Amino acid sequence: MAVTANYETVMVISLKNGEENVQKVVEKFKALIENNATLKNVDEWGKRKLAYLINKESEGYYVLFDFESTAEFPAELDRIYKITDGVMRSIIIKKEEE
């Protein structure tokens, strides 16, 4: 049996391509996580002002995913974040066991 751990990831999506593109990106990553891990929660924080400009943009759309997976999946998720148009920033954190 594979060892699993709890993770959370936050991504900031660019708003320059419109709201429908934001929802496409959210659905893409939701489906990706569901296919490779156990998705526990999706929390869409919505449009927020950035602390500093990223690619000349001052706002981004924030989404938090909580999931449980094997140790290999977060590295693949991070790789896909980096090559997906519209994802400005992302972070994946392994949660401490309670």
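The side chains of Lys 95 and Asp 66 meet in a salt bridge, with N and O 3.5 Å apart; the term stands for a side-chain nitrogen of Lys or Arg within 4 Å of a carboxyl oxygen of Asp or Glu. Lys 95 sits in the segment after strand 4 (87–94) and Asp 66 in strand 3 (residues 57–70), so the pair ties together parts that are 29 residues apart in sequence. Asp 66 is buried at 13% relative accessibility, while Lys 95, at 32%, is partly exposed. Here buried means under 20% relative accessible area, exposed over 50%, and partly exposed in between (1.4 Å probe, protein chains only).

A word on the model: it is predicted, and local features need pLDDT of at least 70, side-chain atom pairs count only at pLDDT 80 or more, and totals for chains, interfaces and linings use all residues. Residues are numbered from 1 along each chain as its sequence is written, and side-chain values use heavy atoms, leaving out hydrogens and water.

Now step back to the whole protein. Along the sequence you will meet the pattern β-α-β-β-α-β, that is, two helices and four strands; these are DSSP runs (helices H or I, at least four residues; strands E, at least two), numbered from the N terminus. Buried residues make up 40% of the 98 residues.

The structure holds five salt bridges, and helix 2 (residues 73–83) is a good place to look next. There, Glu 76 and Arg 79 lie three residues apart, about one turn of the helix, and their closest N and O atoms are 2.8 Å apart in a salt bridge. Asp 78 also forms a salt bridge, with Lys 82, at 2.7 Å. Lys 82 is exposed at 64% relative accessibility, whereas Asp 78 is partly exposed at 24%.
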